[in-house]
Amino acid sequence: MPQAVTKIKACIFDMDGLLLDTEVIYSEVANKMLEPYGKTFTLETKIKMMGRDVKSATEILLSELELPHTFEEWDNEAQRVKAELFPKAELMPGASRLIRHLAKHSVPVAVATSSSKPMFLIKTGRHGDVFKLFGENITCGDDPAIKSGKPAPDIFLTAMQRLDPGLEPSDCLVFEDASNGVEAAKRAGMSCIWAQDTRFMLDKSATPADHAATERITSLVDFVPEKYGFAPFET
């Protein structure tokens, strides 16, 4: 059961692994680049990287797999491979329905993604009909206003201020798929839906810790709008 929340006035969405099925592509990128070194991208390493900005995530990868590269060296090649693979990213189940529903009912929505702006544009290119519903309310990880990436709260607080300067953190409901993002939302003082993808759980038989999320679901398909004061989905 979700914790009690005050009336929600706005929703802020992560992107990778929540709105777009890019986490599988991130794994594909990593394994393609690791192949010459005879190394494999493990789920344990992936979970540590999920939700973080590109520099922090890459530094975890280089350290965990003991690769003899600087961030800049690795990232230069990774950007090329990402540009090749990310345009094929599909929407996650339930994403289009939820965003369209909120927009139809005039609920303010924003994206707060650790992806850089150029990578955001590459990933969302095939889904402009959905992402146009966010208007200008897109905050990316390379934005100069973001001093610290997730799990710091900067990106959610910045997205909130840009969406409406009159909003308070308690007015906002964040949607996240990564535990780092859930922690960032809670540090920001916001309610948070943890849409945890079961493909990226180490022990699928165990009940995971909730990381203080307001509610845990395993897909946006399972989100019930009326629990948070929104109109129900049309049947």
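Which residues line the largest cavity? Let's begin there, and please keep in mind that what we have in front of us is a predicted model.

The answer is a group of seven names that you can pick out as we go: Asp53, Ser114, Gly141, Ile146, Gly149, Lys150 and Ile155 line the largest cavity. By class, that lining has 2 nonpolar, 3 polar and 2 charged residues. How much space lies in the largest cavity? About 40 Å³. And a search of the whole structure for cavities of 30 Å³ or more finds 1.

Now please look at Thr113, which sits in strand E2, residues 109-113. Thr113 has a relative accessible area of 0%, so it is buried. What does it touch? Leaving aside residues up to four places away in sequence, Thr113 is in contact with Asp14, Met15, Asp16, Phe120, Thr139, Cys140, Gly141 and Ile155. You may recognise two of those names, since Gly141 and Ile155 are also among the residues that line the largest cavity.

Next, the cysteines. How many disulfides does the structure hold? The count is 0. As a reminder, a disulfide is a covalent bond between the sulfur atoms of two cysteines. Let's take Cys11 as a case. Its closest cysteine sulfur belongs to Cys172 and is 8.5 Å away, whereas a disulfide needs the two sulfurs within 2.5 Å, so this pair is too far apart for a bond. Seen from the other side, the closest cysteine sulfur to that of Cys172 is the one in Cys11. Are these two buried or exposed? Cys11 is buried, at 0% relative accessible area, and Cys172 is buried too, with 0% relative accessibility.

Let's move to helix H1, which covers residues 23-34. H1 has 12 residues and reaches 17 Å from its first C-alpha to its last, close to the 16 Å expected. Which of its residues are buried? They are Glu23, Ile25, Ser27, Val29, Ala30, Met33 and Leu34. Here is a useful reminder: an α-helix has 3.6 residues a turn, so residues three or four places apart point the same way. As for what covers the buried residues of H1, the cover includes helix H2 (43-49) and helix H4 (71-85).

Last stop: Asp222, in the segment after strand E6, which spans 215-217. Asp222 has 41% relative accessibility, so it counts as partly exposed. How far apart are Asp222 and Ser116? In sequence they are 106 residues apart, and in space 29 Å, C-alpha to C-alpha.

That's my tour, and thank you for listening!

Methods
Residues are numbered from 1 along each chain as its sequence is written. This is a predicted model: local features need pLDDT of at least 70, side-chain atom pairs count only at pLDDT 80 or more; totals for chains, interfaces and linings use all residues. Side-chain values use heavy atoms; hydrogens and water are left out. On a 1 Å grid over the protein atoms alone, a cavity is a set of points where a 1.4 Å probe fits but cannot get out, and a pocket is an open set with protein on both sides within 12 Å along at least five of seven lines; lining residues have an atom within 4 Å of a point. Grid points are joined across faces, edges and corners, and a volume is the space filled by probe spheres set on the points. Ala, Val, Leu, Ile, Met, Phe, Trp, Tyr, Cys and Pro count as nonpolar, Asp, Glu, Lys and Arg as charged, and the others, Gly among them, as polar. Buried means under 20% relative accessible area, exposed over 50%, partly exposed in between (1.4 Å probe, protein chains only). Helices (H or I, at least four residues) and strands (E, at least two) are DSSP runs, numbered from the N terminus. The expected span of a helix is 1.5 Å times one less than its number of residues. Contact means heavy atoms within 4.5 Å.
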